[in-house]
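Visitor: Could you take me through one part of this model up close? I'd like to start with a pocket and see who sits around it, then follow the trail from there.

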Amino acid sequence: MDFDEAVSVRPASLVDPFGRAITYLRVSVTDRCDFRCVYCMAENMSFLPKQDLLTLEELDRVCSAFVARGVRKLRLTGGEPLVRRGIMSLFASLSRHRASGALDELTLTTNGSQLPKYAAELKAHGVERINISLDTLDADKFRAITRWGELDKVLAGIDAAQAAGLKVKINAVALRGVNEDELPQLLEWAHGRGMDLTIIEVMPLGDVGEGRLDQYLPLSLVRARLVDRYTLDELDYRTGGPARYVRVKETGGRLGFITPLTHNFCESCNRVRLTCTGTLYMCLGQEDAADLRSPLRASEGNELLHAAIEAAIARKPKGHDFIIDRRHQRPALARHMSVTGG
Ligand code: SAM
C-alpha cells in the first residue's frame, strides 16, 4: 500500500482536548536563512547538520498525512523556505492536494529575496497568496534589521510576486525605536499597492544577543497611535491564522494585528508546527514537542506516524504565556523562530 492510499482510509479530523480542530500546519523546511534579522537570529548561528533534516519526500509524506486528517491550510516557512535546495519540487508535489480540493490553501512565508526566481513557479503550483516579511522601507534600516539583507532585492521580489499574480500580504514586526514612526508610511505604501499589512508583536523566542525589552513595542500602543491618524473599522475577516483585522477607511486596505503578548489568541488556535527535523510543536510558546521523524522512518506505512500525530494532538496545551518585562529579560523559550517557523 503506498502512503497516500494508507492515509486515505484514516478517519479525518484531528481535535485537541479543548475541542479545537487542527486544520492548519506550518512547516519549517529549513532552519537556514539568507538574512539574520536581529529579533530572530543571533549573527553567528549554528545550523543543523543536513542529515538531521527531513528529506523533501519525507516532508511531503508528513504534510500529506496531516492533509488526510483534515488539515486544510499548509504554510511552508523557515528559516527562509526558498533557500532550501529543490524546494520547488515539494511545492510541485503538494500541489496535488490543492488540485484534489483537499487543501484550501498552500502558501509560504518568505523574506522575498528569492521571489524574482520563484514567483511564477509558485503560482503554477497552486500558491495564491503569500506573506512577505518587511519591517521598513528605509534601505539603511533594512540592512540594520536584517544584518545581511538588501531592500532592493526584496522590493524586486514583491514586484515579481505581484507580476506573477500572487496576492501579497506584508508582515512587519513592530520594533521600538526602529520602525515605530514608519508604520503609517508602511501602511500607506502596502495599501497603495493593493497589499494587506499585518503588524506583529516581537516574541521572546531564542537568544538573539540583544535585550528583548529594547525591541518590544506593545501593539496596543501602535494601534492607539494609528487611531489618531486613521479610522479603523473592525472586520470579521479571518485567514485561518492569528491576525485580527481592521479596514483602514482612509486607504481602503486591510490591516492585521498579531498580538501574542498584549492579547493572546489561544482559544481559537487551530495550528501545529513541524520543524525541518520532524519535531512537532503543538504550541509556539511551549516546550512540549513530539518526534515524528522516528515513526516516519520506522516503516514505509503511515500507521506509526498517525499514532504519533494523534498522541501529540492529545497533548496540545491550552495556550502560551509569553512575558517581556524587566524581570524576564531572558528568552521565554530557547528555541529561535527560525527553528519552529514564523
Ligand atoms: N524567512 C521567512 C520570512 O522572513 O518571512 C520565514 C521565516 S521568519 C522566522 C517568519 C516571520 O517571523 C517573519 O515575519 C519574522 O519577522 C517573524 N519573526 C521572527 N522572529 C520573531 C520574533 N522573535 N517575534 C516576532 N516575529 C518574529
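Guide: Let's first settle what a pocket is: on a 1 Å grid over the protein atoms alone, a pocket is an open set of points where a 1.4 Å probe fits, with protein on both sides within 12 Å along at least five of seven lines. A residue belongs to the lining if it has an atom within 4 Å of one of those points. The idea behind it is simple: rolling a probe the size of a water molecule over the atoms shows where empty space is left. Keep in mind that what you see is a predicted model.

Now find the second largest pocket, which has a volume of about 190 Å³. Going round its wall, you meet Thr30, Arg32, Lys50, Leu53, Val83, Arg84 and Arg85. Sort that lining by class and you get four charged residues, two nonpolar and one polar.

Let's pick one of those lining residues, Lys50. You'll find Lys50 in the loop that runs between β1 (24-28) and α2 (56-68). Is Lys50 buried or exposed? Lys50 counts as exposed because its relative accessible area is 59%, and the cut-off for that word is over 50%. Lys50 also has a partner from far along the chain: Thr277 is 227 residues away in sequence, yet the two C-alpha atoms are separated by 9.5 Å.

While β1 is in view, look at Val15, in the loop between α1 (3-8) and β1. Val15 has a relative accessible area of 45%, so it counts as partly exposed. Here too the chain comes back round: Val15 and Glu310 are 295 residues apart along the chain, with 9.0 Å between their C-alpha atoms.

Next, swing over to the ligand. It has 17 residues around it, and the nearest are Tyr39, Gly79, Glu80, Ser133 and Met203. By class, this shell holds eight polar, six nonpolar and three charged residues. Which atoms make the polar contacts? The side chain of Tyr39 offers an N or O atom 2.9 Å from an oxygen atom of the ligand. With Gly79 it's the backbone that takes part, as one of its N or O atoms lies 2.9 Å from a nitrogen atom of the ligand. Thr110 also uses a backbone N or O atom, 3.3 Å from an oxygen atom of the ligand. As for how wrapped up the ligand is, it has 540 Å² of accessible area on its own, and the protein covers 95% of that.

Thr110 closes strand β3 (residues 105-110), and Thr109 lies in that strand as well. Thr109 is buried, because its relative accessible area is 9%, and anything under 20% gets that label. The side chain of Thr109 makes a polar contact of 3.1 Å with the side chain of Arg75.

Remember Met203 from the ligand's nearest residues? Its C-alpha atom is separated by 9.1 Å from that of Gly285, which is 82 residues away along the chain. Gly285 belongs to the loop between β11 (279-281) and β12 (289-291). With a relative accessibility of 8%, Gly285 is buried.

Compare another glycine, Gly192, found in helix α7 (residues 183-192). At 66% relative accessibility, Gly192 counts as exposed. Gly192 and Gly253 sit 61 residues apart in sequence, with 8.1 Å from C-alpha to C-alpha.

One last stop is Arg147, in the loop between α5 (139-146) and α6 (151-163). Its phi is near 60°, a positive value in a residue other than glycine. Arg147 is at 18% relative accessibility, so it counts as buried.

How values were computed: Residues numbered from 1 in each chain as written. Predicted model: local features only at pLDDT ≥ 70, side-chain atom pairs only at ≥ 80, totals over all residues. Heavy atoms only, no water. Points joined across faces, edges and corners; volume = space filled by probe spheres on them. Nonpolar A, V, L, I, M, F, W, Y, C, P; charged D, E, K, R; others polar. Near = heavy atom within 4 Å. Polar contact = N/O pair within 3.5 Å; in protein donor to acceptor, adjacent residues only side chain to side chain. Areas by Shrake-Rupley, 256 points an atom, 1.4 Å probe, with all protein chains shown as cover. Helix = DSSP H or I, 4+ residues; strand = E, 2+ residues; numbered from the N terminus. Buried < 20%, exposed > 50% of the residue type's maximum accessible area, 1.4 Å probe, protein only.
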